[in-house]
2 protein chains.
Amino acid sequence: MIISPLQSARYQYSPKLPGMLRNGISEICVKNGAPTQSVADQEKIAALFPNTYGKNEITFQKGENTAPAKKQVVGMILSGGQAPGGHNVVCGLYDALKATNPENELLGFLGGPSGLLEDSYRVMDDEYIDKFRNTGGFDIIGSGRTKLETEEQFAIAAEVCKKHGVTAIVIIGGDDSNTNAAVLAEYMAAHNTGVQVIGCPKTIDGDLKNEDIECSFGFDTATKTYSELIGNIQRDANSAKKYWHFIKVMGRSASHVALECALETQPNICLIGEEVAAKKMSLSAVADVIADSVAARAAKGMNFGVAIIPEGIVEFVPEFSMLIAEINELLAGEKTAQFNALPTWEEKYAFIQNGLTAEAMAVFAILPQGIQQQLFLERDPHGNVQVSLIESEKLFSAMVSDKLAARKAAGTYNGKFSAQHHFFGYEGRCAFPSNFDADYCYSLGYNAFMLIQYGFTGYLSKVSNLSKPAEEWVAGGMPITKMMNMERRNGKDKPVIRKALVELDGKPFTYFAEHRQEWAENTCFTFPGAIQYYGPAEVCDLTTRTLALEKA
Amino acid sequence: MIISPLQSARYQYSPKLPGMLRNGISEICVKNGAPTQSVADQEKIAALFPNTYGKNEITFQKGENTAPAKKQVVGMILSGGQAPGGHNVVCGLYDALKATNPENELLGFLGGPSGLLEDSYRVMDDEYIDKFRNTGGFDIIGSGRTKLETEEQFAIAAEVCKKHGVTAIVIIGGDDSNTNAAVLAEYMAAHNTGVQVIGCPKTIDGDLKNEDIECSFGFDTATKTYSELIGNIQRDANSAKKYWHFIKVMGRSASHVALECALETQPNICLIGEEVAAKKMSLSAVADVIADSVAARAAKGMNFGVAIIPEGIVEFVPEFSMLIAEINELLAGEKTAQFNALPTWEEKYAFIQNGLTAEAMAVFAILPQGIQQQLFLERDPHGNVQVSLIESEKLFSAMVSDKLAARKAAGTYNGKFSAQHHFFGYEGRCAFPSNFDADYCYSLGYNAFMLIQYGFTGYLSKVSNLSKPAEEWVAGGMPITKMMNMERRNGKDKPVIRKALVELDGKPFTYFAEHRQEWAENTCFTFPGAIQYYGPAEVCDLTTRTLALEKA
């Protein structure tokens, strides 16, 4: 097998543990913190988690290891989208487990949660593990999107665990997967299965974050990769001086990725979904924000620029959500066939005009024709508009182009506008983890095993103080129920981990808001370049601007 | 001004010169080689370049500098698309020029060749130059696509040079720009202007390459950046196991970029335009190559993969070029208005069906509707199809999807096929230059000044033996006319530098061809990761696989 020079070199990297975990397994003891309460809806959540609610927060510290020495068989699951560092969680878990007792075993369930349900797994050993140290991807055991959430699934899981003598399951996933980890932990405790469940916070989206979780892993590497590319494109724009680049970045339900990339690269424009929603901005108002920057720069002779667009932006625009709901209604059931039978777009358009309310039609009318057609022609098996397929970067560049034409006619703009479009998502989810993610993930995995050894369940592996050098990081655990509240999901009230949106009064957004007018009118681009794994610490080891500002 | 940590660190990097240029300006002397002949059409080219044809190849070596000590005022021009390392050519040129005589001056003409014609320039000084050392982009003076090729332009250029006492011009560009540099050199010599002209080989496309030019600068960094992203996507594909990624990479007239990326990443499929042309493959045959890989992998349970598509691929397909020619003919002159007046696509389609030959219509009929419409609806100001806008990655994934549906109906395929699309171009043109490009470019610039000091004109700055450590590189100059032949361009025979296409009997393609069947059916992905500027030499300093294979 051929491997790249960087991959060979990364095999030699030793991830840094928090200082308190560096004294060897036999010198790690538990320090109990205070009992916890859920962030909201305490009574309801306490009632739903009678066996796992209200436990203490804990941290580890140097001291005699007093954990029972029983043999552990740990099963692990990678859940959902890839995030750089997942392999290091596995390696940290494996190393702690084997250092504690060479008889211990680590089973990797294959292809995500379904691997547990289908009893499909691989036993980890040195030879296999060593091929994945400090590499990107989830290919060590694969991932999947099956949700572990029903009693039937839990019963099967308990049976599979019993069959293999599994004493604990580590679930590496996002907010939903960790919510489900808490529910599974409660089930396992309620049924006296003896199986512990520990979660690890993963997602490049950065929306699994709260007063206990400083950041989810993968966010650092993914945003650094996108920022590398955005910076390169900015340099190109500033050299060629002829294009506006509309760059969409991953992140459907929150705009953390876009915001972090903006802090790293200082583009002319970065849209933030949470702000668009809070201000109830219309599509037209959003396009005007961009057009204002284009016009201001054109007036200074600069007919080029860069705008960052978060993937989920249109879903934050109230009038757009209203339009989508009406379209779904308009084509429900048999009406789809009726619509499809209309032979020309003109006839279809008339049908739409008759069917939508005046408000929705007003929104529809300003969309570029390509997007109009997409809304009606590409629908999912249930007949619903596939909002995720909407190319919002092209939507906004087309709207901006229309607005500039109107301004030109009105004599308020006299520049040139030519756009290029990009979408960055898959490019960053499986990069070699940055030193930060390599260290953080290894620590999360190592720490997860310490939680297992000390008998905790329903806990999230927690490593904090992350804006400091790894030596000063704090390792411990937090009951997942502490992060929960009740939310309406699919018509039912459910206990869930609260998703972290961009806070408009938070320091990262505030910094951005204070600088964006200057960035919009001038050229303040910064060029982060490629992730560096070697070299000066200030180049290799710093984590995100978001975390630096939050901890400032 | 805020700059990134990597940019600060890169300011400290000292580019490596060839060993023979390391002894200081006063210890560089010329070693004459043999007189040269053009690669073809010797008589015609000799007649066109009476003052600059047939000169000796030269190399530099250690020895007393015998060049006249006259004050030099050098003008430089960045021509055409950005390529990583351009700033280092400027820095190398500047450093050699100032080390020789602090009175020497370097003028940067702004915005490409038009800066020379419009007498628009900036004088370089330490403070300004130091901000651009080892950085990407061409923003130090900007670039442009104006071609310097007419007598009128040359006369203006001579006048501008005279006005500022310019003694030499350095043109940093691709094959066309260096062709024009040779013509300008001849003009300046014939008119006794005293202005020398030196070229430097730039292009990320890698098609300015011949027995004298081992590679153009920027190719290394750009292909490494694209390979980083392709490798990341491959790792994602291999983790999620649900998508085929169709990745288009820049490179219109040759497929060197695609081939180098394939050698770096070992994807399942990489199309090579030159092979498609040589084998006169149809669109359908090309799509079958991909569909065969999809089917073979599906039979092994792998419904995912990666295909690299060179940007210009459709132009290499003979039947497609024929179709384009017929469409341009069909819509020439007034017929465009007639076509546009047809109210529905169905009527337009009937018009097309009537107008095309049966052969062209057969090709048109198999195209996805989106591409069909694009061919007719988006045309340039002359009414011609804009081939460059064709999204060939989507064209082929749609055709593959159709083929797989047919195979499924025939019972010869039973997999799932879901595609994602990417295009990488702007992402790599302005990256921080790799150590290789930083060194190579600095050397090209330094060396260009030595050619100037020794009075040469019509030469290309030549640095060779590049697959070896910089210490062993060979610096010198080659008359540009040596690389020329006569070609038909826009209906006229012109002397031009022969463009380098991928050679189907060359070592890089041969290596690829020997391995691609294995790569197509199995998963042999390699993951190069981000460009590293620090760390082990085998990670930081190696140039392309293409050059390694060519020099093996």
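This briefing describes the symmetry, the salt bridges, one lysine and one strand pairing of a two-chain structure.

The model is predicted, so that local features need pLDDT of at least 70 and side-chain atom pairs count only at pLDDT 80 or more, while totals for chains, interfaces and linings use all residues. Residues are numbered from 1 along each chain as its sequence is written, chains are lettered from A and ligands numbered from 1 in the order in which they are written, and side-chain values use heavy atoms, with hydrogens and water left out.

**Relation between the chains**

- Chain A is superposed on chain B by a rotation of 180 degrees with 0.0 Å of shift along its axis, at an RMSD of 0.1 Å; the fit is by least squares on the C-alpha atoms of residues with pLDDT of at least 70 in both copies.
- The two copies are therefore related as by a two-fold rotation axis.
- The same surface serves both copies, in that 100% of the contact residues of chain A recur in chain B, where contact means heavy atoms within 4.5 Å.

**Salt bridges**

- A salt bridge is counted when a side-chain nitrogen of Lys or Arg lies within 4 Å of a carboxyl oxygen of Asp or Glu, and by this rule there are 64 over all chains.
- A:Asp176 forms a salt bridge with A:Arg489, the closest N and O atoms being 3.5 Å apart.
- Because A:Asp176 lies in helix α7 (residues 175-190) and A:Arg489 in strand β14 (residues 484-489) of chain A, this pair ties together parts that are 313 residues apart in sequence; helices (H or I, at least four residues) and strands (E, at least two) are DSSP runs, numbered from the N terminus.
- A:Asp176 is partly exposed at a relative accessible area of 29%, and A:Arg489 is partly exposed at 25%, given that buried means under 20% relative accessible area, exposed over 50% and partly exposed in between (1.4 Å probe, protein chains only).
- Between chains, the side chains of B:Arg429 and A:Asp236 meet in a salt bridge of 2.8 Å, N to O, which runs from helix α18 (residues 426-429) of chain B to helix α8 of chain A.
- Both B:Arg429 and A:Asp236 are buried.
- Within chain B, a salt bridge joins B:Lys499 and B:Asp175, with the closest N and O atoms 3.0 Å apart.
- B:Lys499 lies in the loop between β15 (492-497) and α20 (507-521) of chain B and B:Asp175 in helix α7 (residues 175-190) of chain B, so the pair ties together parts that are 324 residues apart in sequence.
- B:Lys499 counts as partly exposed at 31% relative accessibility, whereas B:Asp175 counts as buried at 8%.
- A network of salt bridges links A:Glu57, A:Glu211, A:Asp212, A:Lys462 and A:Lys482.

**The surroundings of A:Lys209**

- A:Lys209 is found in the loop between β7 (196-201) and α8 (219-240) of chain A, and counts as buried at 16% relative accessibility.
- Not counting residues up to four places away in sequence, A:Lys209 touches A:Glu214, A:His256, A:Ala500, A:Thr546 and A:Glu550.
- The side chains of A:Lys209 and A:Glu550 are joined by a polar contact of 2.9 Å, that is, a pair of N or O atoms within 3.5 Å of which, within protein, one must be able to donate a hydrogen and the other to accept it, residues adjacent in sequence counting only if both atoms are side-chain atoms.
- A:Lys209 and A:Leu501 are 292 residues apart in sequence and 8.8 Å apart in space, C-alpha to C-alpha.

**Strand β11 of chain B**

- Strand β8 (residues 244-249) of chain B pairs with β11(B) in the parallel sense over six bridges, where pairing requires that DSSP finds at least two bridges, and B:Ile247 stands opposite B:His422 in β11(B).
- Strand β11 (residues 419-424) has a covered face of B:Gln420, B:His422 and B:Phe424, and an uncovered one of B:Ala419, B:His421 and B:Phe423.
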